[in-house]
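Visitor: I would like to understand how the words used for a structure follow from its values. Could you take me through a few of them?

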Amino acid sequence: MNYVDNLPEMDLMRSEKMTFVQLIIPVESAHRAITYLGELGLLQFRDLNADKSPFQRTFVNQVKRCAEMSRKLRFFKDQIHKASLASSIQAGMQPDIELEELEIQLAEHEHELNEMNSNSEKLQHTFNELVEFKMVLEKAGDFLLSSKGHPVHEDRELDEHAYLNNDYSESASLLELETQPGPSSNQSGLRFISGIISKSKVLRFERILFRATRGNMLFNQSTADDPIMDPLSTEMVEKTVFVVFFSGEQAKTKILKICEAFGANCYPVPEDITKQRQITREVLSRLSELETTLDAGIRHRNKALTSISFHITKWLKMVKREKAVFDTLNMLNFDVTKKCLVGEGWCPIFAKVQIQEALRRATFDSSSQVGIIFHAMEALEAPPTYFRTNSFTNAYQEIVDAYGVARYQEANPAVYTVITFPFLFAVMFGDWGHGICLLLGALYLIARENKFGSQKLGSFMEMLFGGRYVLLLMSLFSIYCGLIYNEFFSVPYHIFGGSAYRCRDDTCSNAYTVGLIKFRDPYPFGVDPSWRGSRSELPFLNSLKMKMSILLGVAQMNLGIMLSYFDARFFSNSLDIKYQFVPQIIFLNSLFGYLSLLILIKWCTGSQADLYHVMIYMFLSPFDDLGDNQLFWGQGVIQVILLLAALVAVPWMLFPKPFILKKLHSERFQGRTYGVLRTSEGDLDSEPDSARQHIEEFNFSEIFVHQMIHSIEFVLGAVSNTASYLRLWALSLAHSELSTVFYEKVLLLAWGYNNILIRLVGLAVFTFATAFILLMMETLSAFLHALRLHWVEFQNKFYHGDGYKFRPFSFAALTDDDESP
């Protein structure tokens with residue numbers, strides 16, 4: 001065992017060794033020290049002000065200032081996006097500035113932009129009103145001309161309705177209403193109101209007018225030629241020009257109120273054609289002037305936004321970093337002199353030298369007369385878990401962490417998951433044609449790694465890209481297992497030579513009913529292609545894959561139990577070795593390890609023994625003669641010994657450990673009748689958590705119940721987990737049969753016709769089924785089942801998974817979200 005202990009440590013096998021440290025930082029160098037530690041990213045601070053609200057902390061004002069600057073920067077980004085200007089990815093040539101200077105600059109830019117936006121909205125509003133006025137003059141003039149040339153027949157036109165619906169825009173009128181009835185109107189007392197309304201409200205507007213005037217009105221309408229831009233939403237809105245003829249002052253008041261309620265803009269249109277033309281010329285002149293002014297304003301605004309966009313990336317990064325620094329400073333406490341900040345946290349042991357060097361640089365750069373004190377302390381709480389991963393191993397570590405983060409220094413299942421996870425997936429997905437398709441997808445993601453890694457992806461694509469190396473190994477193992485199963489889109493090929501079987505005659509008429517005969521050595525690698533289509537294909541593959549699943553399952557469960565042994569050795573826990581590891585390894589291998597041995601012996605000897613009969617009667621009649629089911633000499637005696645060993649292992653797991661723990665606890669605290677004497681009642685509370693002594697309360701009943709549950713779970717789990725590995729056989733068979741159905745019943749069936757259209761349809765259906773059912777749904781199914789086998793069947797043998805991740809303060813970990821830099 002000394003040889004094992006002296007072996008070099010395996011990467012990822014154990015988490016990095018951590019140490020609890022304390023920092024005493026002078027106030028004048030605190031900001032620079034935290035900044036340098038954020039650039040290093042190897043120290044996780046502990047919040048010493050957890051009992052305080054965010055508004056009671058020391059640097060709350062600085063955090064508020066950073067949040068306000070973040071709001072302004074988000075406003076700038078929104079304005080740049082609305083103006084369809086591209087933000088500069090590279091930082092501008094502006095030299096480094098202080099936070100105070102940046103705050104002043106941002107306030108000036110915001111004030112300037114708000115003024116420009118306000119002026120632009122007013123000008124656009126005026127421009128829209130003039131456009132509407134021009135449209136009303138054009139359309140209403142036509143209505144007035146037609147009304148002069150022909151007598152007005154209100155009674156015949158009251159039932160006409162408009163059926164036009166679209167968007168809605170609400171704005172105030174340009175001029176006050178000045179209706180000037182002409183001579184013809186004066187003679188008959190007929191008056192009119194002209195205006196423009198959103199197209200979507202015309203029908204309701206007309207109905208309300210009709211009801212309010214009791215039908216004593218004439219409503220004319222005409223759709224505007226061009227849509228008008230809404231200055232608030234910047235969307236183009238279609239509108240309709242209307243003219244309402246009525247009689248009486250009371251009707252006028254009602255119509256104006258209805259126009260106001262519906263957001264209709266009313267404009268005065270004189271009946272005199274000469275005045276209409278004069279007003280139209282004035283409106284066109286003002287429109288031309290406003291258009292020139294608007295264009296100049298837009299150019300000025302875009303110029304200002306372009307200048308901001310050139311520096312906005314750098315400003316966003318700077319504000320994010322400053323806010324993160326002040327948030328971290330809020331986790332520190334002042335000492336009694338109020339001249340130093342005290343912080344605590346965790347760091348890896350290998351990083352202590354780098355942290356000390358960063359603190360020395362901070363002291364020198366801030367011209368502080370007092371250095372920063374950095375020293376290790378004892379901690380009550382368990383250290384965080386930190387694994388140094390790369391782009392290849394990170395995805396496998398995430399698979400394990402999704403179940404639970406490893407306890408500090410606990411054996412890491414990700415070391416073995418790198419190989420076992422894609423291999424078990426491939427056992428269920430084995431087809432080297434489908435494996436090649438997955439390989440092409442994985443290679444594409446790896447080839448575009450730099451491009452995809454630098455841009456924001458969707459949730460599904462991000463998950464797929466993050467698991468690109470998992471997909472790579474899954475595809476490679478699928479090709480390997482597909483070659484063993486000899487399946488290429490369910491079609492077997494003579495890749496490694498000729499078949500070992502042949503027909504009994506040249507016609508091969510009885511090949512399926514009678515069978516083939518063996519005439520040469522076995523096929524050198526994988527399944528003989530002659531099994532495909534034979535009468536014994538399904539029984540043979542069922543037997544092969546079922547037994548193979550049991551062998552793989554027992555091997556992986558034994559690996560999990562062995563890892564529990566190495567964990568116990570690492571933590572010097574001899575009780576777990578003697579009363580947990582030993583009985584577990586005996587119990588599992590006395591039953592299912594023995595079954596695996598029988599499978600291997602049967603394969604090697606070609607025996608016809610019934611293994612179901614052997615295992616069942618090992619429990620029911622252990623002393624009976626095995627007869628034809630005997631595979632080796634002395635098998636009956638060995639079965640009795642293994643059965644007794646399995647029965648003894650159960651109480652061995654259950655009883656000794658709780659009673660030994662009780663005895664050790666009694667010996668440790670024997671004679672301690674009185675508590676520890678303290679000088680005052682507040683001593684315990686005044687000490688920091690890292691300096692307190694912690695005495696665990698021993699509860700024998702709780703420990704015994706826990707051990708009983710653990711023992712029962714293992715005994716029952718040994719059976720259920722072994723049966724659970726049969727999913728390898730079931731999914732492999734389902735994938736193979738489904739692929740065969742698509743090939744034979746779709747592609748070959750369509751190819752049997754001489755019609756090119758039927759062949760193309762069959763090929764399209766086969767391609768669709770292969771891509772979406774076999775390559776997507778089956779891949780997801782096999783992935784989830786492999787995940788289940790690792791999380792439940794493998795990791796529950798040794799893995800606690802009750803730790804917490806090491807989350808250091810690091811600028812590199814800051815996200816690029818727009819909500820809060």
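Visitor: At what angle do helix α12 and helix α17 pack, and how far apart are their axes?

Guide: In this predicted model, helix α12, residues 394-403, and helix α17, residues 468-485, pack at an angle of about 95 degrees, and their axes are 7 Å apart.

Visitor: Why are α12 and α17 called roughly perpendicular to each other?

Guide: Angles from 65 to 115 degrees count as roughly perpendicular, and the angle here is about 95 degrees, so α12 and α17 are described as roughly perpendicular to each other.

Visitor: Which residues of α12 and α17 meet, and how do they divide into nonpolar, polar and charged?

Guide: From α12 come Ala395, Tyr396 and Ile399, which meet Tyr469, Val470 and Leu473 of α17. The residues of this contact divide into six nonpolar, no polar and no charged, because Ala, Tyr, Ile, Val and Leu count as nonpolar.

Visitor: What lines the largest cavity, and what is the volume of that cavity?

Guide: The structure holds three cavities of 30 Å³ or more, and the largest cavity has a volume of about 80 Å³. Among the residues that line the largest cavity are Tyr485, Glu487, Asp528, Trp531 and Arg532, and the whole lining divides into six nonpolar, one polar and four charged residues.

Visitor: What is the mean pLDDT of the protein, and where is the pLDDT below 50?

Guide: The mean pLDDT is 84, with 86% of the residues at 70 or more. Over residues 149-188, however, the pLDDT is below 50, and over residues 673-695 the pLDDT likewise stays under 50.

Methods. Residues are numbered from 1 along each chain as its sequence is written. This is a predicted model: local features need pLDDT of at least 70, side-chain atom pairs count only at pLDDT 80 or more; totals for chains, interfaces and linings use all residues. Side-chain values use heavy atoms; hydrogens and water are left out. pLDDT is the predictor's confidence in each residue, from 0 to 100. Contact means heavy atoms within 4.5 Å. On a 1 Å grid over the protein atoms alone, a cavity is a set of points where a 1.4 Å probe fits but cannot get out, and a pocket is an open set with protein on both sides within 12 Å along at least five of seven lines; lining residues have an atom within 4 Å of a point. Grid points are joined across faces, edges and corners, and a volume is the space filled by probe spheres set on the points. Axes are lines fitted to C-alpha atoms, for helices over the stretch in contact, and angles run from 0 to 180 degrees between N-to-C directions. Helices (H or I, at least four residues) and strands (E, at least two) are DSSP runs, numbered from the N terminus. Angles under 35 degrees count as roughly parallel, over 145 as roughly antiparallel, 65 to 115 as roughly perpendicular and the rest as oblique.
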